[in-house]
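Student: I would like a close look at one part of this protein, and then at how its surroundings fit together. Could you take me through it step by step?

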Amino acid sequence: MGDEILITELNDFIFCPVSIYFHRLYGSLENMTYQSSAQINGSAAHEAVDHATYSSEKDIIMGLDVFCEEYGLIGKIDIYNKSRHILRERKKKIKNVYDGYIFQVYAQCFALREMGYKVDAIELYSMDDHNTYKVDLPEENEYMLRKFKKVVEEIRRFRIEEFIQNNGEKCRKCIYETACDRSIC
Ligand code: SF4
């Protein structure tokens, strides 16, 4: 792996480490060829943000590029409220608050703080049903912070040649299944 880890890869890695390689390999082709329609809908949730910098509301920053030196993470935040110090990540539909979602907002939080922004609250927002999920700050949840650090270390240590997939259910749900020689479907 390269030195820097994309924040989105924290979630990919938990699903399957090999998927990171496909994600990088297919890059922009992915939208056309490899994303399922559900995932395209999901990425549409972020499209406005990815092309925006500031919303019309002066206290809202959207789609800011961020870098966290401490953990070597790079990516974008979704929405940050400068006056209320709230970091928010929108997803199309949140059915479960997966660890990967929490690790992504932790990474964004650490990066923002390194860049001089205060973060006093973190939220996940489910766009389809308008539900908001409060997420503990990293310093409020030692257990999740430990898990976050462990995943970052595992990504750094990961060697694709040593990986053996043993969860066929994941492969069956995977958008890279037809291209992947590690699939056990
Ligand atoms: S097909 Fe299976 S092994 Fe390959 S990337 Fe997907 S989940 Fe991982």
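Student: Where is the place of Arg172?

Tutor: Arg172 has its place in helix H7, where helices are DSSP runs of H or I with at least four residues, strands are E runs of at least two, and both are numbered from the N terminus. Before we go further, residues are numbered from 1 along each chain as its sequence is written, and side-chain values use heavy atoms, with hydrogens and water left out. This is a predicted model, in which local features need pLDDT of at least 70 and side-chain atom pairs count only at pLDDT 80 or more, while totals for chains, interfaces and linings use all residues.

Back to your residue. Arg172 counts as exposed because its relative accessibility is 57%; the cut-offs are under 20% relative accessible area for buried, over 50% for exposed and partly exposed in between, with a 1.4 Å probe and protein chains only. Helix H7 also holds Glu169, which at 40% relative accessibility counts as partly exposed. Both residues can be placed against a later stretch of the chain. From Arg172 to Ser183 there are 11 residues along the chain, and their C-alpha atoms are separated by 8.5 Å. For Glu169 and Cys185, 16 residues apart in sequence, the C-alpha to C-alpha distance is 8.0 Å.

Ser183 brings us to the ligand. The residues around it are Cys16, Val18, Ser19, Gln165, Cys171, Cys174, Glu177, Cys180, Arg182 and Ser183, where a residue is included if one of its heavy atoms lies within 4 Å of the molecule. Sorted by class, this shell has 5 nonpolar, 3 polar and 2 charged residues. In that scheme Ala, Val, Leu, Ile, Met, Phe, Trp, Tyr, Cys and Pro are nonpolar, Asp, Glu, Lys and Arg are charged, and the others, Gly among them, are polar.

Ser19 is one of the ligand's neighbours, and its place is in helix H2. With 6% relative accessibility, Ser19 counts as buried. A polar atom of its side chain lies 3.3 Å from the backbone oxygen of Asp12.

Helix H2 also takes part in the aromatic pairs, so let us turn to those. A pair of aromatic rings is described by the distance of the centres and the angle of the planes. There are 11 aromatic pairs in the structure; rings of Phe, Tyr and Trp (its six-membered ring) pair if their centres lie within 6.5 Å, and planes under 30 degrees apart are stacked, over 60 edge-to-face and the rest tilted. Phe22 and Tyr176 make a stacked pair, 5.3 Å centre to centre with 15° between the planes. This pair links distant parts of the chain: Phe22 belongs to helix H2 (residues 17–26), Tyr176 to the segment after helix H7 (168–173), and the two positions lie 154 residues apart in numbering. Both rings sit in buried residues, with Phe22 at 10% relative accessibility and Tyr176 at a relative accessible area of 5%.

Tyr71 and Phe148 form an edge-to-face pair, 5.1 Å centre to centre and 85° between the planes. Tyr71 lies in the loop between strand E3 (65–68) and strand E4 (73–76) and Phe148 in helix H6 (residues 142–157), so this pair ties together parts 77 residues apart in sequence. Tyr71 counts as buried at 11% relative accessibility, and Phe148 is buried with a relative accessible area of 0%. Ring pairs join Tyr71 and Phe148 with Phe103, Tyr106 and Phe110 in a cluster.

Finally, two loops are worth a look. His85, in the loop between strand E5 (79–81) and strand E6 (86–91), has a positive phi near 60° although it is not a glycine, and it is buried, with a relative accessible area of 18%. His130 likewise has a positive phi of about 60°; its place is in the loop between strand E7 (121–126) and strand E8 (131–135), and at 55% relative accessibility it counts as exposed. The loop between E7 and E8 also holds Met127, whose C-alpha atom is separated by 6.6 Å from that of Arg90, 37 residues away along the chain. Met127 counts as partly exposed at 27% relative accessibility.

Note on methods
A polar contact is a pair of N or O atoms within 3.5 Å; within protein, one must be able to donate a hydrogen and the other to accept it, and residues adjacent in sequence count only if both atoms are side-chain atoms.
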